[in-house]
Amino acid sequence: MTQRTAVENSALNIVVLVKYVPDAQFDRHLTGDSHTIDRNESILSELDEYALEAALALTDARGGAKGGNVVTALTLGPASAAAAVKKSLQIGATQGLHVSDEALAGSDASATSLALAAAINSLGPVDLVITGMASTDGETSIVPAQLAARLGLAQITFASALDVDGNTVTARRDGDDFSEEIQATLPALVSVTDQANEPRYPNFKGIIAAKKKKVTTVSLADLGLAPSAVGHAGSLTQVTAAAERPARTAGTIITDSGDAGIQLVDFLAAQKLI
């Protein structure tokens with residue numbers, strides 16, 4: 001990845017990964033012989049909204065787009081995935097990049113990070129790549145680390161606070177009973193948690209402004225990648241079998257006839273819970 005020298009309070013060029021994921025309000029289903037997720041009812045991943053807010057907060061502090069700052073919302077997926085980019089633009093991203101190619105279907109985390117790395121490199125010098133802490137569909141949390149390795153960037157994961165001063169990014173990572181401060185030199189990759197901020201919502205002005213913002217769609221050929229490098233052929237993992245989750249049973253009902261407490265204890269003992 002091209003190095004970029006930053007100076008104190010200079011404009012930032014940030015890429016935010018956004019993903020089009022199945023809406024958690026609906027049951028999830030697998031489709032096809034390859035057992036891929038059915039994405040008919042999908043939305044922008046909620047966890048990616050925290051990454052987008054982190055980027056916008058950093059650029060707002062430096063004058064936003066008028067100050068030369070750029071926030072690129074990057075997604076990978078079929079034509080429908082463009083909805084994730086469009087919402088990101090409505091929230092405040094400067095521009096969008098959509099990697100769309102039929103050969104990407106079935107890509108695992110490794111193949112996905114390969115395509116994302118190529119897309120980021122196509123943008124030229126970038127100061128920061130910001131991601132959510134996981135996707136709400138796969139929930140692997142490994143794409144940020146894989147992407148940082150492919151781009152040759154320092155990485156800070158699971159940040160609950162983020163700041164940039166000059167050529168240094170500083171993040172706070174919170175544990176169960178401690179917090180630690182981590183620093184890295186730009187360019188770098190940071191994944192943020194859902195405790196990092198309060199994501200903003202699209203307003204009327206943002207929705208109207210988004211219609212004039214540029215969204216670029218690129219294919220694997222545009223990025224110099226062969227179809228065999230992604231999808232099922234380029235993935236390190238494969239789903240070989242899948243089955244519907246068993247229906248929940250009614251369970252055991254205890255009727256209180258004066259001995260409900262004894263029945264409850266007997267039940268817990270039979271289940272080896274006491």
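Author: A residue is called buried when its relative accessible area is under 20%. This is a predicted model. Buried residues make up 41% of its 274 residues.

Reader: What makes Ala82 and Val85 of α2 buried?

Author: The cut-off is under 20% relative accessible area. Ala82 and Val85 are listed as buried, and so are Ala84, Ser88, Leu89 and Ile91 of α2. Therefore each of them falls under 20%. Just after α2, Gly92 takes a positive phi of about 150°.

Reader: Why is the set with Ile14 and Val16 called a nonpolar core?

Author: Such a core needs buried residues of types such as Val, Leu and Ile, joined through side-chain atoms within 4.5 Å. The largest one has 36 residues. Ile14, Val16, Leu128, Ile130, Val169 and Val192 touch the most other members. These are Ile, Val and Leu residues in the core, so they fit the definition.

Reader: Which element gives the largest share of this core?

Author: That is α1, with eight residues. Among the other elements that give two or more are β1, β8 and β13.

Reader: What makes Leu128 and Val190 contacts of Val169?

Author: Contact means heavy atoms within 4.5 Å. Leu128 and Val190 are in contact with Val169, so each has heavy atoms within 4.5 Å of Val169. Ile156, Leu162 and Ala184 are also among the contacts of Val169.

Reader: Where do Leu74 and Val218 belong?

Author: They are in a second, separate core of 28 residues, which also includes Ala111 and Ala118.

Reader: How many of the contacts between residues at least 6 apart join residues at least 24 apart?

Author: The share is 71%.

Methods
Residues numbered from 1 in each chain as written. Predicted model: local features only at pLDDT ≥ 70, side-chain atom pairs only at ≥ 80, totals over all residues. Heavy atoms only, no water. Buried < 20%, exposed > 50% of the residue type's maximum accessible area, 1.4 Å probe, protein only. Helix = DSSP H or I, 4+ residues; strand = E, 2+ residues; numbered from the N terminus. Lists of a residue's contacts leave out its neighbours within four places in sequence.
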